[in-house]
Amino acid sequence: MPQVEANGLSFHVQVIRHDDGTESGAHRPPVVMLHGLVIDNLSSWFYTIAHPLALSSDVHLFDLRGHGRSEMPPTGYSVACNVDDLVALLDLWGIDEPVHLFGNSFGGVVALAFAHRHPERVASLFLIEAHFAVEGWAEHMAGSLALAAFGLDEDAVQEWMATNPDRKLTRVARRSERFLMETSLIDDLKAEQPIGFLPQIGCPVHAMYGSESDILHLARELETQLPDCRLEIVEGTTHSLLTERSELVRERALEWIGAFTTAPVGA
């Protein structure tokens, strides 16, 4: 369980680099993957597309602050704080070339904000069901999380967690409860303001959304506002696109990164 110190916190990280045995000498682009909120963590990438991508790329994963096995501070869950964490981790990993950011759900929020603040450090964005702050988004997200926190506090849920033999599931539920009820996460998200910087993001973007997603309206806005965006709507899938169609996402991700992987001159 690799733990590193960055931006004043302890982070659980994984760096995956597989040797495909070809010794092609091709450039291995750095990839960083950002996951979604609360019950999500780096495992959603680790068990879907991280390893196939690591045959041709150096893949970096980490649990966002408060998530998974990373430290859970009482405050500091704004998008800006998460961007600062990513800056610190890139510096720690010694990555000084532009990276390919993969963002799932809330990870898309962080990826877009990072690309705006540090355009020189981003080669491309690969977004799956990406959220971003439009008018009313912060209140909606905060309200949804507050409702989830209320549900976890109900007597029936507490009784189930006390008696359920699945220790791993119960541990996740307990941690989610603490995250929602004992940190500033909900208040920090509620304070986020609508963004207006999408037209300023110049790197290429591949965005995937499910046709049954509850945030499909964001897909069209993303396509309209980003200067270089390739949008794909996947029929019959929801906001859980990454897990529902992981094979398709993996295929698209390999195609995307493959376009940036070049063999050295003379190879």
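These legends describe close-up views of a predicted model.

**View 1. A buried salt bridge between R65 and D85**.
The side chains of R65 and D85 meet at 2.6 Å, N to O. R65 sits in the loop between strand 4 (58-62) and helix 2 (79-93). D85 belongs to helix 2. The pair thus links distant parts of the chain, 20 residues apart. R65 is buried, with a relative accessible area of 7%. D85 is buried as well, at 1%. The structure has nine salt bridges, and this pair is one of them.

**View 2. A salt bridge from helix 3 to helix 2**.
R117 pairs with D84, and their closest N and O atoms are 2.8 Å apart. R117 lies in helix 3 (residues 106-117) and D84 in helix 2, so the salt bridge ties together parts that are 33 residues apart in sequence. R117 is partly exposed, with a relative accessible area of 39%. D84 is also partly exposed, at 30% relative accessibility.

**View 3. A salt bridge within helix 6**.
R174 and E177 form a salt bridge, with 3.9 Å between the closest N and O atoms. Both residues are in helix 6 (residues 167-182). They are three residues apart, so about one helical turn separates them. R174 is partly exposed, at 34% relative accessible area. E177 is buried, at 15%. Elsewhere, salt bridges that share partners join R17, R28 and D58 into one network.

**View 4. D63, a buried acid with no salt bridge**.
D63 lies in the loop between strand 4 and helix 2. The nearest side chain of opposite charge is that of R69, 6.3 Å away. A salt bridge needs a distance within 4 Å, so R69 does not qualify as a partner. D63 does have polar neighbours. Its side chain makes a polar contact with the side chain of H12, at 2.8 Å. The backbone nitrogen of L42 also lies 2.8 Å from a polar atom of the D63 side chain. Beyond its neighbours within four places in sequence, D63 is in contact with F11, H12, H35, N41, L42, G68, R69 and S70.

**View 5. Cysteines in a structure with zero disulfides**.
C81 is partly exposed, at 22% relative accessibility. C203 is in no disulfide. The nearest cysteine sulfur to C203 is that of C229, 10.0 Å away. A disulfide requires sulfur atoms within 2.5 Å, so C203 and C229 do not form one. C203 counts as buried because its relative accessibility is 11%, under the 20% cut-off.

**View 6. F11 and F62, a buried edge-to-face pair**.
The whole structure holds seven aromatic pairs. In this one, the ring centres of F11 and F62 are 6.1 Å apart. Their planes stand at 80°, so the pair is edge-to-face. F11 is in strand 2 (residues 9-16) and F62 in strand 4. The two are 51 residues apart, and the pair links distant parts of the chain. F11 is buried, with a relative accessible area of 0%. F62 is buried at 1%. Together with W93, F11 and F62 form one aromatic cluster.

**View 7. F46 and Y47, an edge-to-face pair**.
The ring centres of F46 and Y47 are 5.0 Å apart. Their planes meet at 75°, so this pair is edge-to-face. F46 is partly exposed, at 21% relative accessibility. Y47 is exposed, at 68%.

Terms used: Residues are numbered from 1 along each chain as its sequence is written. This is a predicted model: local features need pLDDT of at least 70, side-chain atom pairs count only at pLDDT 80 or more; totals for chains, interfaces and linings use all residues. Side-chain values use heavy atoms; hydrogens and water are left out. Helices (H or I, at least four residues) and strands (E, at least two) are DSSP runs, numbered from the N terminus. Buried means under 20% relative accessible area, exposed over 50%, partly exposed in between (1.4 Å probe, protein chains only). Lys and Arg count as positive and Asp and Glu as negative; His and the chain ends are not counted. A polar contact is a pair of N or O atoms within 3.5 Å; within protein, one must be able to donate a hydrogen and the other to accept it, and residues adjacent in sequence count only if both atoms are side-chain atoms. Contact means heavy atoms within 4.5 Å. Rings of Phe, Tyr and Trp (its six-membered ring) pair if their centres lie within 6.5 Å; planes under 30 degrees apart count as stacked, over 60 as edge-to-face and the rest as tilted.
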